Amino acid sequence: MAPTRGGNRRTRVHVVSDVHGNARDLARAKEGADALICLGDLVLFLDYADHSRGIFPDLFGAENADRIVELRTARRFEEAREFGARLWGGIGADRGAAIEKAVRKQYAELFAAFPTPTYATYGNVDMPTLWPEYAGPGTTVLDGGRAEIGGWVFGFVDGGLRTPMRTPYEISDEEYAAKIEAVGEVDVLCTHIPPEVPELVYDTVARRFERGSRALLDAIRRTRPRYSLFGHVHQPLVRRMRIGATECVNVGHFAGSGRPWALEW
């Protein structure tokens, strides 16, 4: 039960993003709150902090994981793709089945850990086609949709934009902009990726700029939501900043911290 002040009941939600396999902390992420919001990236494909964890090292070993992280961190994306292609070539036609089997194993554990109620949207490393099989009645999946929580309207836009990394759920700038437009004016705008602001999209550990959305930034300036909440950039240069009337907050990286971000009104 959320705390009360002056006899008026207050609402509290906890927000997470970039769960990347952390089912243990996810199961208790709603404690003390009325609802949990998850902004995607449930799957752990490769842990850049511990290269022995994730789908990639499970299939190819930690040594090969070390190598692909080294190439990607150095922004040698073409070499990384060629190296990965050689590894996947050893699996052959079973590649898709091997990935889906591993993702399904993670989804079974992660969706079972979601508390009730949870409002969730996809990240760029998720596989949206599988979510309906695992989302229970206490989990509302929103793809470009809106939900009312405690009298506030929350809008949700999923996925990431196209990058040289070619992660599983990347969409075009035009499709993403259309989703932002369809959500319209809301109190809290929830996305997986941040608005295109240098301080919000630069990852200080990976030492690179991730892709943010210009359409999201324009919508924030135009519609002036109370909050813009997002993840995607695990170690941002700035975790929080104000754009006009809107408080912009990076609510990741849950996989590393295990702690949700709290919003109360």
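This passage describes an open sheet, a helix that lies across part of that sheet, and the surroundings of one buried valine in a predicted model.

In the predicted model, an open sheet is formed by 6 strands, which follow one another in the order β7-β8-β11-β14-β16-β15 and whose pairing is mixed. The edges of the sheet are taken by β7 (residues 146-149) and β15 (residues 240-243), and because each of these has a single partner strand, one side of each is left without a neighbour in the sheet. Averaged over the sheet and with direction ignored, neighbouring strands are turned by 20 degrees against each other.

At the β15 edge, the pairing with β16 (residues 246-250) is antiparallel and extends over 4 bridges; M241 has C248, in β16, as its bridge partner. Towards the other end of the strand order, helix α7 (residues 173-183) lies across β7, β8 (residues 152-157) and β11 (residues 188-191), and its course makes an angle of about 170 degrees with β8.

A separate element, strand β3 (residues 12-16), contains V13. The relative accessible area of V13 is 0%, so that this residue, falling under the 20% cut-off, is classed as buried. When neighbours within four places in sequence are set aside, the contacts of V13 comprise A33, A35, I37, I149, W261, A262, L263 and W265. Of these partners, I37 is separated from V13 by 24 residues in sequence, whereas the C-alpha atoms of V13 and I37 are 7.2 Å apart in space. Another contact of V13 is I149, a position that falls within the range of the edge strand β7 (residues 146-149).

Definitions and conventions. Residues are numbered from 1 along each chain as its sequence is written. This is a predicted model: local features need pLDDT of at least 70, side-chain atom pairs count only at pLDDT 80 or more; totals for chains, interfaces and linings use all residues. Side-chain values use heavy atoms; hydrogens and water are left out. Two strands pair if DSSP finds at least two bridges between them. Helices (H or I, at least four residues) and strands (E, at least two) are DSSP runs, numbered from the N terminus. Axes are lines fitted to C-alpha atoms, for helices over the stretch in contact, and angles run from 0 to 180 degrees between N-to-C directions. Contact means heavy atoms within 4.5 Å. Buried means under 20% relative accessible area, exposed over 50%, partly exposed in between (1.4 Å probe, protein chains only).
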